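Let's take a walk through this protein together, helix by helix. Keep the sequence and the 3D view open side by side as you read.

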Amino acid sequence: TFICVGMVTAGLLSATAAGVVIIWSNVGLTALAFVAALNIHPYVAFVVGGSGIVLGIVRIRAWQTVAGVLLGMGLILLGLEQMGAGAAPLKNEESFRHAMALAVGSPPLTFLAGILIAAILQSNTGATMMIITLAGAGAISLENAALLIYGTNLGAIALRLVLASGLKGKAARLVRLEDLFCVISGALMFLLYYLEAAGLPLVFALARELAGGIPPQLAVIFLLSNLIPAVLMMPALPWCQK
């Protein structure tokens, strides 16, 4: 989002094109949930270590550029893995079980808990990784984990409010466009949850059909929670930008 803001400010990208990139980047980041559902820790460690060695030894600029990109990607994946792995043992803590029982006491509370988790972690993707890990460990049901995930997009707004505090004009509006996307995503998925609870097969039914096991099912749900609002917003993008 902020790379696009910088490019628009510099005149390298139109606001409309940047809006499209920002909306669909939210869909793209859900790939991390599918990656996290796999056992890729050895590969991530190899990428981080190998790219670090190249940066420290090789003096060819092109190689250093590629190694820098790989190191950044590897550190993101490593951080998300560690965040999820660190949360898994919490399911055995009595205080955590009481807190989770309170948080998932009703659908609105569960949704609000997802907002809070993402706001604290300052990352909707990191929050989702943690939720998927806990659900895979049996600490949360699929339905409650999905509601938590639906709330994480809204929780990410808090960080953007801080980062965009000095922006004005087109730059500020682009950040607010992503905030609008998150609001639409949360409201829409919350509505779909209640429609499915009433007996209409929708998101959960599709996730169970496409994937086996809770972690990949939640990865599908995370994808749908960003893909559906992105598809719906595209025809209305000029209106959304206004």
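Which residues of α13 are buried? Before the answer, one word of caution: this is a predicted model. The buried residues of α13 are Gln217, Leu218, Ala219, Val220, Ile221, Phe222, Leu224, Ser225, Asn226, Pro229, Ala230 and Met233. The helix itself covers residues 214–233, which makes 20 residues. From its first C-alpha to its last, α13 reaches 29 Å, close to the 28 Å expected at 1.5 Å a residue.

Let's pick one residue from that list and look around it. Asparagine 226 lies in helix α13, and with a relative accessible area of 0% it is buried. A polar atom of its side chain lies 3.0 Å from the backbone oxygen of phenylalanine 222. If you leave aside residues up to four places away in sequence, asparagine 226 touches Asn26, Val27, Thr30, Asn153 and Phe181.

Now step across to serine 185, which is found in helix α11, residues 169–197. Is serine 185 buried or exposed? Its relative accessibility is 1%, so serine 185 counts as buried. Its side chain reaches the backbone oxygen of serine 225 at 2.7 Å. Again not counting residues up to four places away in sequence, serine 185 touches Asn153, Ser225 and Pro229. Notice that Asn153 appears among the contacts of serine 185 and also among those of asparagine 226. Ser225 and Pro229, for their part, are among the buried residues of α13.

Asn153 brings us to helix α9, which spans residues 142–155. Its 14 residues should span 20 Å at 1.5 Å a residue, and the end C-alpha atoms are 20 Å apart, which agrees. Because 13 of the 14 residues of α9 are buried, this helix is largely enclosed by the rest of the structure.

Next, the charged side chains. Side chains of opposite charge can pair when their charged atoms come close. How many salt bridges does the structure hold? There are four. In one of them, the side chains of arginine 208 and glutamate 143 meet at 2.6 Å, N to O. Arginine 208 lies in helix α12 (residues 203–210) and glutamate 143 in α9, so this pair ties together parts that are 65 residues apart in sequence. Arginine 208 counts as partly exposed because its relative accessibility is 43%, and glutamate 143 counts as partly exposed at 27%.

Another salt bridge joins arginine 160 and glutamate 178, whose closest N and O atoms are 3.7 Å apart. Arginine 160 lies in helix α10 (residues 157–163) and glutamate 178 in α11, so the pair ties together parts that are 18 residues apart in sequence. Both arginine 160 and glutamate 178 are buried.

Within α11, the side chains of aspartate 179 and arginine 176 meet in a salt bridge at 2.8 Å, N to O. These two are three residues apart, about one turn of the helix. An α-helix has 3.6 residues a turn, so residues three or four places apart point the same way. Aspartate 179 counts as buried because its relative accessibility is 7%, whereas arginine 176, at 35%, counts as partly exposed. Put the pieces together and you find Arg160, Arg176, Glu178 and Asp179 linked in a network of salt bridges.

Let's finish with the empty space. Rolling a probe the size of a water molecule over the atoms shows where empty space is left. The largest pocket holds about 630 Å³ of space. It is lined by 24 residues, and those nearest its centre are Leu29, Leu32, Ser123, Asn124 and Thr125. Which helices each supply at least two residues of this lining? They are α1 (2–9), α2 (15–28), α5 (61–87), α8, α10 and α11.

Two more stops are worth a look. Glutamine 122 sits in the loop between α7 (107–121) and α8 (124–136), and has a positive phi of about 60 degrees although it is not a glycine. Alanine 172 is in helix α11 and is buried, with a relative accessible area of 14%. The C-alpha atoms of alanine 172 and serine 141 are separated by 38 Å, while the two residues are 31 places apart along the chain.

Notes: Residues are numbered from 1 along each chain as its sequence is written. This is a predicted model: local features need pLDDT of at least 70, side-chain atom pairs count only at pLDDT 80 or more; totals for chains, interfaces and linings use all residues. Side-chain values use heavy atoms; hydrogens and water are left out. Helices (H or I, at least four residues) and strands (E, at least two) are DSSP runs, numbered from the N terminus. The expected span of a helix is 1.5 Å times one less than its number of residues. Buried means under 20% relative accessible area, exposed over 50%, partly exposed in between (1.4 Å probe, protein chains only). A polar contact is a pair of N or O atoms within 3.5 Å; within protein, one must be able to donate a hydrogen and the other to accept it, and residues adjacent in sequence count only if both atoms are side-chain atoms. Contact means heavy atoms within 4.5 Å. On a 1 Å grid over the protein atoms alone, a cavity is a set of points where a 1.4 Å probe fits but cannot get out, and a pocket is an open set with protein on both sides within 12 Å along at least five of seven lines; lining residues have an atom within 4 Å of a point. Grid points are joined across faces, edges and corners, and a volume is the space filled by probe spheres set on the points.
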